[in-house]
Amino acid sequence: MFDRIVIATDGSESVQRAVDVGIDLAARFNASVHALYVIDVGEVESSPDEVRTDLRNALDSQGEVALDSVVDTAEAVDADLDVTAEIREGRPAAMITDAARELDADVVVTGTRGRHGENRFLIGSVAERVVRTCPVPVLTVRQLTGEDPRRTTV
């Protein structure tokens, strides 16, 4: 059913549940995982010239950490999972959609809120844009809070 799964991550705490669900799905179906982190060029280009290079480097470092976390999670679940990690640069929703198309993915797994948290509601959500534009199914996974009655500890 699933052979290739794209897991989009921004390294935020809120996306960790999506990473867990994506890795679990890959393990259940013995699917390959393509972990993707997108450096938002809009964020970089809108920063002051004096800090642009530093911001770009910081986002690149954050991407490496985020992707390492996906790889570590996969190894903890199933050391035999085939995991590829990639950093792309561009508009996040477009890059995620392009990756799904290019990789002939069966599903994209993403969190519903990322680094920008609640503020993203005001200017649009990457996850919402991916759901609207992606040519393959998108599994959005929200982070449950400690107070959420649906949260269970296994």
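# Exercises on a five-stranded sheet

The buried residues of helix H1 pack against S1, S2, H3, S4 and S5. This is a predicted model, in which local features need pLDDT of at least 70, side-chain atom pairs count only at pLDDT 80 or more, and totals for chains, interfaces and linings use all residues. Residues are numbered from 1 along each chain as its sequence is written, and side-chain values use heavy atoms, with hydrogens and water left out.

**Exercise 1.** Work out how many helices and strands the protein chain has, and how its elements run from the N terminus on.

*Solution.*
- Step 1: Look for DSSP runs, numbered from the N terminus: helices are H or I with at least four residues, strands are E with at least two.
- Step 2: The protein chain has 6 helices and 5 strands.
- Step 3: Reading from the N terminus on gives β-α-β-α-α-β-α-β-α-α-β.

**Exercise 2.** Find the order of the strands in the open sheet, and say which strands stand at its edges.

*Solution.*
- Step 1: Count two strands as paired if DSSP finds at least two bridges between them.
- Step 2: S1 and S2 run parallel and are joined by 5 bridges; here Val6 stands opposite His34 in S2.
- Step 3: S2 and S3 are also parallel, with 8 bridges, and Tyr37 faces Ile87 in S3 as its opposite residue.
- Step 4: S1 (residues 4–8) pairs with S4 (residues 107–111) in the parallel sense over 3 bridges, where Ile5 is opposite Val107 in S4.
- Step 5: The open sheet of 5 strands has the order S3-S2-S1-S4-S5, with parallel pairing.
- Step 6: S3 (83–90) and S5 (138–141) each have a single partner strand, so one side of each has no neighbour in the sheet.

**Exercise 3.** Which residues of H1 are buried, and how do they lie around the helix axis?

*Solution.*
- Step 1: Call a residue buried under 20% relative accessible area, exposed over 50%, and partly exposed in between (1.4 Å probe, protein chains only).
- Step 2: In H1 the buried residues are Ala18, Val19, Gly22, Ile23, Leu25 and Ala26.
- Step 3: Viewed down the axis of H1, they fall within an arc of 160°, so they line one face of the helix; the arc is that of the directions from the helix axis to the C-beta atoms.
- Step 4: An α-helix has 3.6 residues a turn, so residues three or four places apart point the same way.

**Exercise 4.** Compare the expected span of H3 with the distance between its end C-alpha atoms, then list what its buried residues pack against.

*Solution.*
- Step 1: The expected span is 1.5 Å times one less than the number of residues.
- Step 2: For the 29 residues of H3 this gives 42 Å, and the end C-alpha atoms are 43 Å apart, which agrees.
- Step 3: The buried residues of H3 are Leu59, Gly63, Ala66, Leu67, Val70, Thr73 and Ala74.
- Step 4: They pack against H1 (16–29), S2, H2 (41–45) and S3, where contact means heavy atoms within 4.5 Å.

**Exercise 5.** Is S2 mostly covered or mostly uncovered?

*Solution.*
- Step 1: In a regular strand the side chains alternate between the two faces of the sheet.
- Step 2: On one side of S2, Ser32, His34, Leu36, Val38 and Asp40 are buried, and on the other side so are Val33, Ala35, Tyr37 and Ile39.
- Step 3: S2 is mostly covered, with 9 of its 9 residues buried.
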